[in-house]
Amino acid sequence: MSQTFAEKILAKKAGLDYTVPGQIVEIKPDVILSHDNTAPIYGLFQRMGGEKVFDPDMHAIIIDHATPAPSTKHAENHRIIREFVKEQGIKEFYDVGRGICHQILVESGLALPGEVVLGSDSHTPHAGVMGAFAAGIGRTEMASIWAIGELWLRVPESLKITVTGELGEGVTSKDLALTIIGDLKSDAAIYMSVEWHGEAIQALPLSQRATLTNLMAEMGAKNSFIPPDKKVFRFLKDRARRDYEAVYPDDDAKYIREVKYDGGSIEPVVACPHSVDNVKPLSEIRGTHIDQAFLGTCTNGRLDDLAAAAAVLEGKKIADGRRMIIIPASEAIYLAALQAGYLETFLKAGAVIESPGCGPCMGNHMGVPAVGEVSISTANRNFRGRMGTKESEVYLASPAVVAASAVAGVIESPANL
Amino acid sequence: MAEIQGKVWKYGDNVNTDVIFPGKYTYTVSEPAEMPKYALEDLDPEFAGAVQAGDVIVGGTNWGCGSSREQAVVCLSEAKLGAIIARSFARIYYRNCLNNALPAIVCPEAVDAIENGENVTIDLENGIITCQAGKFSFPPLPEAVMEIFNAGGLIPYTKKRLSESN
């Protein structure tokens, strides 16, 4: 029976020949991800009568949402997590400054083709960039996996996105993902598995592909998958923690919906306040005042994102009265950006560089906007209040557009600087 | 699980968790038993005072979209609502329903046929909804999820499984 990626991998994990959408299976995930919410999940785990976790080697725990601790309350939360990790013998623990959880899973070879990753974070679908089945779950569910090692999953319907041709000059995977979310709208993929196919996707480097799987959470997706190819296998060569076996959809698998895009037709776009599907061409939004530019996050804080921004900022200055915050998505990216000279470019341009983590993305700290201010950001969400105050506006764009806007003081295309 | 029988409360598409359980109560009302008082407050002010054990909500597409707050399910499961039948559910809402032992049934044909205020019967084990317009079937919940239901939700279920394995 022909199957989509989701149908096939869930069948494999459940020990079945095949599955169909709507079917419920019980599976043991290969990797379970939790971050700063590890401490409250621990509380739920204890309410269930949990003492020792089912398997400490399933866990990947990364402190990233508020790091280094912005308050004593946050620091206490971190302390509980460190104690928990030590007491349970969990090896894959990444303390403050190591990076953002989704980036760490990929970089550390923990998210592998043909494996199942469940995370108590809504952007867990990110790990689908490596060919894993990766989905976000709730805290109670995570606590239950800690206790009994497995969870029920509903086999999702699948949406197939095919992108032919290639993206044009100055067009990034961020523009592609935002264009599609703008067209299909934010409820288009609820409870679905979103598969990416076509030569325009294969041509993208892994870092740009990750922006696609990451952003599918904003269309309601359960998971998102890019068929792993040589680029993935090469990347994993000295990183993969275990042997793995990739799973691919059948050519004649049945999808609930198929959409096709010509990569060459995509142009730079901006997601405007206050929803990710409120997408407009950059050419229409140019000239909009900004107070702050933020480059970073799991969506666009990787090395080639920093390189794109450095190319724009080289020899230029952030506009008067504006500020730019830059946060590499991991320690490894930070070091590589240092060695490549990007950090010097950023500092000379007047930008502020902060330690790896989520930063101001969800309004915790490290550069939240004031009431009435406007931000342009490389993140994945621009909901009202997302960056800390309901009385501020957030625009989402690619790294080069964010950097160009910091220089111009208004939303601007790098081509017009 | 016995048959579910009750009166229908029918609503439309894209009913979000803000109107099911208003955000302003999320940090002030923390006792599950207190939550039914505020259920559907911003959608149907009459609901909370009149809902009876076993009643059934019938919704359109994307029931429970928006914030993932679990209170939007608990305010209904604590009210002993019998089930929610909808064309589709927002993913996390659907999971929260099953994990709180509140049947969430996807059955577009039944949604079309059922009238507001009529009485319906649901046979969960065999997957049959009976209403004035006739009988409609839906895929019954598999054993794994039925066990969570019968235990009263995921917390008691996990607790039970842990104590059995020790």
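Two strands are said to pair if DSSP finds at least two bridges between them. The exercises below apply this rule and others to a predicted model.

**Exercise 1. Pairing of two strands**

Determine in which sense β8 and β9 of chain A pair, and over how many bridges.

*Solution.* Step 1: locate the strands. In chain A, β8 covers residues 158-164 and β9 covers residues 193-197. Step 2: apply the rule. The requirement is at least two bridges, and these strands share five bridges, running in the parallel sense. Step 3: find one residue pair. Thr162(A) has His197(A), in β9(A), as its bridge partner.

**Exercise 2. The sheet and its helix**

State the strand order of the open sheet in chain A, and identify its edge strands.

*Solution.* Step 1: write the order. The open sheet has four strands, arranged β10-β9-β8-β11 in chain A, with parallel pairing. Step 2: find the edges. β10 (223-225) and β11 (257-262) of chain A each pair on one side only, and they are the edge strands. Step 3: describe the twist. From one strand to the next, the twist averages 20°. Step 4: add the helix. Helix α1 of chain A, residues 5-14, packs on the sheet and touches β8, β9 and β10 of chain A. The direction of this helix makes about 120° with that of β9(A).

**Exercise 3. The fold of chain B**

Describe the secondary structure of chain B, and explain what its radius of gyration shows about the chain.

*Solution.* Step 1: count the elements. Chain B has seven helices and seven strands. Step 2: read them along the sequence. The pattern is β-α-α-β-α-β-α-β-α-β-β-β-α-α. Step 3: compare with a compact globule. For 166 residues, such a globule would have a radius of gyration near 15 Å; chain B has 15 Å and therefore agrees with this expectation. Step 4: consider the extent. The C-alpha trace of chain B spans about 50 × 40 × 25 Å along its principal axes. Step 5: consider the burial and contacts. In chain B, 43% of the 166 residues are buried. Of the contacts in chain B between residues at least 6 apart in sequence, 66% join residues at least 24 apart.

**Exercise 4. The contact between the chains**

State how many residues each chain gives to the contact, and characterise the side of chain A.

*Solution.* Step 1: count the residues. Chain A contributes 19 residues and chain B contributes 23 residues. Step 2: name the elements. On the side of chain A that touches chain B, β1 (24-27) and α5 (139-148) of chain A each supply at least two residues. Step 3: find the largest share. That share is five residues and comes from α5(A). Step 4: sort by type. The residues on this side of chain A comprise seven nonpolar, seven polar and five charged.

Notes. Residues numbered from 1 in each chain as written. Chains lettered and ligands numbered in written order. Predicted model: local features only at pLDDT ≥ 70, side-chain atom pairs only at ≥ 80, totals over all residues. Rg over C-alpha atoms; globule rule 2.2 N^0.38 Å. Buried ≥ 20, exposed ≤ 12 C-beta atoms within 10 Å, placed from the backbone. Contact = placed C-beta atoms within 7 Å. Nonpolar A, V, L, I, M, F, W, Y, C, P; charged D, E, K, R; others polar. Axes fitted to C-alpha atoms, helices over the stretch in contact; angles between N-to-C directions.
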